[in-house]
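The exercises below each set a task and then work through its solution one step at a time. Please keep the sequence and the structure in view while you read.

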Amino acid sequence: MPSTTKVPSDKLFVSEPPPSWFGNPENPAAGAAPGWTNGNWLKSRFHFSFAEYSNGANDGFGCMRVMNDDLVQPARGFGTHGHANMEIVTYIVEGALTHQDSMGTSETLGRGAIQFMTAGNGVRHSEHNRDKANPLRFIQIWLTPNRSGLTPNYGSHSTEAADRANRWFHMVSPVAGAGAGGGIAPVQINQDASIRVAEMAPGFTLPITLGPGRQAYLLCMEGGASGGGGAGGDAAFLLGRHD
């Protein structure tokens, strides 16, 4: 019988690191900078152990090692830093994310876009909100790759609102031969994992179907949703923003 566990937003670890950690200037005085919606340059909600949050009972979900829900204030960001042996996927919820890396990539992506980076045997990159008047919010997910030492790689895909409206848009799949549904999504990673995104109208219902031995992690990015309680026997649940 399927089982569902809700992780409410008030149980997530909230991190607000000092600006100096990532090469940012000091936070402006309250009310002194346009567009700021938080007193600190970054507010990050950690779903699993990360940075200053360490909990041996909450180190990931299957191959998903990190899920961070990041809110970055105008003209702030993460200075150049390195990664290795991780599949890193970022979905932009609000605003515009500017990415630059040691592979020569430089691009800015907006709402509904997704990017991936195979860190492989080593890559350096930066992520910034270059907008001087609007915040940036994105979901960053790290997945353990199916093997180490891969050649670094980067890619992205932008969607229209219609792509996500009242349907599960399959944004990320395994590369061909690496797992279920391999090679079919616009973004492909080196792990047997998929990511789907939907924006649902009020009262609309979408099924979540899992094959044998599969599991799913559901994040409510905006608004609210309800689920469960169907013929499968799992308990009904309600989700709010960040749950």
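**Exercise 1.** In which loop does I208 lie?

*Solution.* The model used throughout these exercises is a predicted one. Look up the strands β14, which covers 195–197, and β15, which covers 224–227, and you will find I208 in the loop between them. As a next step, turn to the surface, where I208 forms a nonpolar patch together with L210 and L218. The accessible area of these three residues together comes to about 270 Å².

**Exercise 2.** Decide whether S49 is buried or exposed, and describe its surroundings.

*Solution.* Begin with the location of S49, which is in the loop between β2 (42–46) and β3 (64–72). The relative accessible area of S49 is 3%, and because buried means under 20%, S49 counts as buried. Continue with the side chain of S49, which reaches the backbone nitrogen of N55 at a distance of 2.8 Å. Finally, list the contacts of S49 while leaving aside its neighbours within four places in sequence: these are S54, N55, N58, D59 and R65.

**Exercise 3.** Find out how A51 and N166 stand with respect to phi and to accessibility.

*Solution.* Start from the general expectation that most residues other than glycine have a negative phi. Against this background, A51 has a positive phi near 50°, and N166 has a positive phi near 55°. Next, place the two residues: A51 is found in the loop between β2 and β3, while N166 lies in the loop between α1 (161–164) and β12. For accessibility, A51 has a relative value of 60% and therefore counts as exposed, since the cut-off for that class is over 50%. N166, at 26% relative accessibility, counts as partly exposed.

**Exercise 4.** Which strands pair with β12, and in which sense does each pair?

*Solution.* First consider β12 itself, which spans residues 169–174 and is mostly covered, with 6 of its 6 residues buried. Then take β14, which pairs with β12 in the antiparallel sense over 3 bridges; here H170 stands opposite R196 in β14. Lastly take β13, made up of residues 187–189, which pairs with β12 in the parallel sense over 3 bridges. In this second pairing, V172 has V187 of β13 as its bridge partner. The answer is thus β14 in the antiparallel sense and β13 in the parallel sense.

Technical notes
Residues are numbered from 1 along each chain as its sequence is written. This is a predicted model: local features need pLDDT of at least 70, side-chain atom pairs count only at pLDDT 80 or more; totals for chains, interfaces and linings use all residues. Side-chain values use heavy atoms; hydrogens and water are left out. Helices (H or I, at least four residues) and strands (E, at least two) are DSSP runs, numbered from the N terminus. Buried means under 20% relative accessible area, exposed over 50%, partly exposed in between (1.4 Å probe, protein chains only). A polar contact is a pair of N or O atoms within 3.5 Å; within protein, one must be able to donate a hydrogen and the other to accept it, and residues adjacent in sequence count only if both atoms are side-chain atoms. Contact means heavy atoms within 4.5 Å. Patches are made of residues with over 30% relative accessible area and no salt bridge: like charges are joined within 9 Å, nonpolar side chains (Val, Leu, Ile, Met, Phe, Trp, Tyr) within 5 Å. Accessible areas come from the Shrake-Rupley method with a 1.4 Å probe; for residues, only the protein chains shown count as cover. A salt bridge is a side-chain nitrogen of Lys or Arg within 4 Å of a carboxyl oxygen of Asp or Glu. Two strands pair if DSSP finds at least two bridges between them.
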